[in-house]
Amino acid sequence: MAATPLVTLTRLQLAYGHHPLLDNADLTIATHERVGLIGRNGAGKSSLLKLIDGRTVPDDGEVMRVGGLKIATVEQEPDLSPDQTVLEVLSGNYTEHEDWSRPARAQALIDELGLDPNALIDGLSGGTRKRVALASALADEPDLLLLDEPTNHLDFTGIGWLEQRLQQARCSVILITHDRRFLDAVATRIVELDRGKLFSFPGNFSQWQQRKAEWLEAEKAQNAKFDKVLAQEEIWIRKGVEARRTRNEGRVLRLEQLRRDRAARRERTGNVSLAIAEGQRSGKLVAELDHVSHGYDGHLLINDFSTVILRQDRIGLIGPNGVGKTTLLKIILGELKPDSGTVKLGTNITVGYFDQMRSQLDESATLADTISPGSEWVEIGNQRKHIMSYLEDFLFPPARAKSPVSSLSGGERARLVLARLFARPTNVLVMDEPTNDLDIETLELLEELLQDYQGTVLLVSHDRAFLNNVVTQTIAWEGNARWREYAGGYDDWLEQRPDDVPQRRAAGHAEPELSQLVGQAPEAASLPTADQETKPASTRPKPVKTARITSWEQKELDGLPDAIGALEARQAMLVEQLADGSLYANDPAKVQDINAQLEEIDADLMRLFERWETLEAKRAGSE
């Protein structure tokens, strides 16, 4: 079935203050596609969804929607009426729209998810609220479904349910998520919002990673070629006398245009600079649990569990929401005495907490005071760093240092918690859903950091890729208060677990959130600055003596800038055509043709630059 455009965005402009989120951005969303929208925190992804569904309007440009288009949106934190029941939310006002089959769809989704239809929204956990919001959007049967971080607060069962639902959905989907495994399972196209522009790549996240690496390398090479041309033209114009004598007005005008193009280039901002201030080493033993059992109000959460945790273990805790992961963490850390069994703690343990609710943050405090109250410096050991520089490591510009915590987005709050946590010397890190609200680049940096951390990591996460890449052992809930330990990460657990392990959420009492159990983190200190490896500058070989340049070679040399400029203009035009997402659905053969043309242009540019270098060397030898 041929794809039909549902929404077309043309030359969109959107800015907050002086920060452009969209800069002449174009995008087409067609039928039968599931688009993963990715980009850094603060890039404008959520704002783009608001433009698509009409919650906001662009500063300039056009948003065209097909007539009668029905859009359903699920935000990061769904706004549900607290005094309604689950059934009322899912049923909606079906009489107003004469959607008489809506109650039946609502009941089917309630049964599918095991929800209590009479439960009030006000008493539901975050994970159950998210399920209700997602089910309500699906019950709408929209033409286009917009999802902003849909996997946040969902456990593995909920994530798996949503994957299946989206794979089977007849509507088109645009979803913002940091969950790479989820993107691989669901997305048919990746759209990246980068420096105000939208770049479209066919396929899932893993395919995008490979294509993006190639694209960044090409961008780097193109920028290097551009900068080389600009540098040579700047040398020519500074000769002054020769430039005025030759009166090459075209070349002067071209230089002016090169300068404008260089000034307009939006450089990619740096990555978060992550480093953990590691404390004094703990003893080899961190904790030993022997036949531990515990529960609340007659509800057993942990039954006869034993384990030994050693220094440098990286342990992931796996289980549905409410089965006792936080309780088990508290027992491991010696903060909760079990009902039965014994717990032996190691020596010299210093614990740092990262909680998913960001409860450590004082809303009225400034960013600087959150990290280093009353001081302009953060210190640890013999390392000392100014607070402005430290905040810049976490992508907070100096102008934001005095901003209150209340002004931060979800992703910025996550980075601030990391900044506070990593500045404090620790040898045990307890991380509860650290991946929520972090962009994918920061996630990958955090993975590398935890892999190299010399202390012990206790991790609660529903991000399957993150678990696979970080943990060395898994402690998993297996129903009826039983817990078992496995070697490896999430996929290793899937392969090793018994066939009878239940996948549904445990009924009964939910355990307290980690954010309710941990106290305020101690004051932060500075991160050690990693020594930069200094590489000796490459020595340029002495030019060999060349023959004098001929008149026809000089004429060829003079014409090379314009020839290169024409090729680069065509290259830019072709790249812009590839950014149109509808091209992949409507004319895949043209996509292949454009890619072939781009390869040919790259080869031609390389040949012209090499020729320019040869002729410049001959001309220099003639002087």
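**A tour from sheet to cores**

Begin by selecting helix α11 (residues 325-332), which lies across β10, β11 and β13 and runs at about 135° to β10; helices (H or I, at least four residues) and strands (E, at least two) are DSSP runs, numbered from the N terminus, while axes are lines fitted to C-alpha atoms, for helices over the stretch in contact, and angles run from 0 to 180 degrees between N-to-C directions. The model is a predicted one, in which local features need pLDDT of at least 70 and side-chain atom pairs count only at pLDDT 80 or more, whereas totals for chains, interfaces and linings use all residues. Residues are numbered from 1 along each chain as its sequence is written, and side-chain values use heavy atoms, with hydrogens and water left out.

Next, colour the strands beneath discussion: they form an open sheet of three, in the order β11-β10-β13, with antiparallel pairing, where two strands pair if DSSP finds at least two bridges between them. The edge strands, each pairing on one side only, are β11 (299-310) and β13 (340-345), and neighbouring strands of the sheet are turned by 15° against each other on average, direction ignored. Strand β10 (residues 285-296) pairs with β13 in the antiparallel sense over five bridges; to find the register, select Ser 293, which stands opposite Ser 340 in β13.

Now move to the largest nonpolar core, which has 43 residues; such a core is a set of buried Ala, Val, Leu, Ile, Met, Phe, Trp, Tyr and Cys residues joined through side-chain atoms within 4.5 Å, and buried means under 20% relative accessible area, with exposed over 50% and partly exposed in between (1.4 Å probe, protein chains only). Val 86, Leu 90, Val 132, Leu 145 and Leu 166 touch the most other members of this core, to which helix α5 (residues 126-139) gives the most, with seven residues. Centre on Leu 90 and, not counting residues up to four places away in sequence, display the residues that it touches, including Arg 102, Leu 109, Ile 110 and Val 132, contact meaning heavy atoms within 4.5 Å. Apart from the largest core lies another, of 42 residues, among them Phe 394, Leu 449, Leu 450 and Val 457.

Finally, select Gln 571 in helix α18 (residues 551-578), which counts as buried because its relative accessibility is 5%. Leaving aside neighbours within four places in sequence, Gln 571 is in contact with Gln 222, Leu 598, Ile 601, Asp 602 and Leu 605.
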